[in-house]
Amino acid sequence: AWGWTFVHYLLENKKYAKKFKRYYIGLAKNKKIKKVLAPGGYNKRTVEPEEQIKWLVSYLGVKSLEVLEKDWHANIRTLKPATHRGYHMAGMFALMRGMPIKAQRLYNISLDMGSKNAMTYYGLGRAQYRKSKYQESLATFDKALAIDPLNGMFYIWKAKCLNRGGKSDDDSEVKRLKKLALEIEPDNYSIMLEVAFDEALRG
């Protein structure tokens, strides 16, 4: 994210855009820029960070890296999220980092902005499940299935919601959903593990 904002800042800045593009090409073609053998061999060359920074300052014509960094950070504060895809990705990262409450908020914003992505509902359902909102989660997975009925993991998570809702793991609907998931995606390793775990519990 930091790397993206820096490149975005330079390419959207009329003062720096052309200079940054010349710098980017210069990393490969400017013979004055010192290059070293990259890890892994195959005669690939790279430019060490200190050398990159030295030439970046030179190409952009700034007094120091600190001045550039201050202007860049000020630019970050002006950025506004503009698309439901961005909020979807933010929700995904929040969920991955163990922040299900934040993930729910971000996924809901994505949906409010018009997301029609089944994976947005899938992420929201998992975030709700993490906070023990099993009935809400169940309804959310149903919405994901309405968009994409051929995603086996949606059935697995719907089965999880039913099971945590107080029903036995031997419940016929739970078993049916997991069997259906495996029929739809017989090569999905995650689904295989879910079904195998149930079989192990049943002996």
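Colleague: How many residues apart are R176 and E173 in helix α10, and about how many helical turns is that?

Modeller: A good place to start, and keep in mind that we are reading a predicted model. R176 and E173 sit three residues apart in helix α10, residues 172-184, so about one helical turn separates them. Their side chains meet in a salt bridge, with 2.9 Å from N to O.

Colleague: Are R176 and E173 buried, exposed or something in between?

Modeller: To read this, look at the relative accessible area: under 20% is buried, over 50% is exposed, and values in between are partly exposed. R176 has 43% relative accessibility, so R176 counts as partly exposed. E173 counts as partly exposed too, because its value is 26%.

Colleague: How many salt bridges does the structure hold?

Modeller: There are four salt bridges in the structure. One of them joins K158 to D142, and the closest N and O atoms of that pair are 2.8 Å apart. Here the partners come from distant parts of the chain: K158 belongs to helix α9 (residues 152-164) and D142 to helix α8 (residues 134-147), with their positions 16 residues apart.

Colleague: Which class of exposure does each partner in that bridge have, K158 and D142?

Modeller: Try the cut-offs again. K158 has a relative accessible area of 17%, so K158 is buried. D142 has 32% relative accessibility, so D142 is partly exposed.

Colleague: Where do K160 and E194 lie, and what does their pairing tie together?

Modeller: The side chains of K160 and E194 meet in a salt bridge, 3.1 Å from N to O. K160 lies in helix α9 and E194 in helix α11, so this pair ties together parts that are 34 residues apart in sequence. Both residues of the pair, K160 and E194, are buried.

Colleague: Let's turn to the surface. Which residues make the nonpolar surface patch?

Modeller: Look for Y189, M192 and L193, which make a nonpolar patch of about 320 Å². You can find Y189 in helix α11, which covers residues 189-201. Y189 counts as exposed because its relative accessible area is 58%.

Colleague: Now for empty space. How does one find where it is left?

Modeller: The general idea is to roll a probe the size of a water molecule over the atoms, which shows where empty space is left. In this structure, the largest pocket holds about 1000 Å³ of space. It is lined by 22 residues, and those closest to its centre are A1, W4, P81, G86 and A90.

Colleague: Which helices supply at least two residues each to that lining?

Modeller: Find α1 (2-12), α5 (84-96) and α6 (100-112) in the model; each of these gives at least two residues to the lining of the largest pocket. The largest share comes from α5, with seven residues.

Colleague: How many residues of each class does the lining of the largest pocket have?

Modeller: Sorted by class, the lining has 14 nonpolar residues, three polar ones and five charged ones.

Colleague: What about the backbone: which residue has a positive phi although it is not a glycine?

Modeller: That is S132, whose phi is about 65°. To find S132, go to the loop between α7 (118-130) and α8. S132 has a relative accessible area of 46%, so S132 is partly exposed.

Colleague: Last topic: distances. How far apart in space are K70 and H84?

Modeller: Here we compare the separation along the chain with the separation in space. K70 and H84 are 14 residues apart in sequence, and their C-alpha atoms are 29 Å apart. K70 sits in helix α4, residues 65-76, and K70 counts as exposed because its relative accessibility is 67%.

Colleague: What separates the C-alpha atoms of K32 and W55?

Modeller: Those C-alpha atoms are separated by 9.7 Å, while K32 and W55 are 23 residues apart along the chain. K32 is in the loop between α2 (17-29) and β1 (36-37). With 68% relative accessibility, K32 counts as exposed.

Colleague: And what is the separation for L68 and K44?

Modeller: L68 and K44 are 24 residues apart along the chain, and 30 Å separates their C-alpha atoms. L68 lies in helix α4, and L68 counts as buried because its relative accessibility is 2%.

Definitions and conventions: Residues numbered from 1 in each chain as written. Predicted model: local features only at pLDDT ≥ 70, side-chain atom pairs only at ≥ 80, totals over all residues. Heavy atoms only, no water. 1 Å grid on protein atoms, 1.4 Å probe; cavity = no way out; pocket = protein on both sides within 12 Å on 5 of 7 lines; lining within 4 Å. Points joined across faces, edges and corners; volume = space filled by probe spheres on them. Helix = DSSP H or I, 4+ residues; strand = E, 2+ residues; numbered from the N terminus. Nonpolar A, V, L, I, M, F, W, Y, C, P; charged D, E, K, R; others polar. Patch = residues over 30% accessible without salt bridge, like charges linked within 9 Å, V, L, I, M, F, W, Y side chains within 5 Å. Areas by Shrake-Rupley, 256 points an atom, 1.4 Å probe, with all protein chains shown as cover. Buried < 20%, exposed > 50% of the residue type's maximum accessible area, 1.4 Å probe, protein only.
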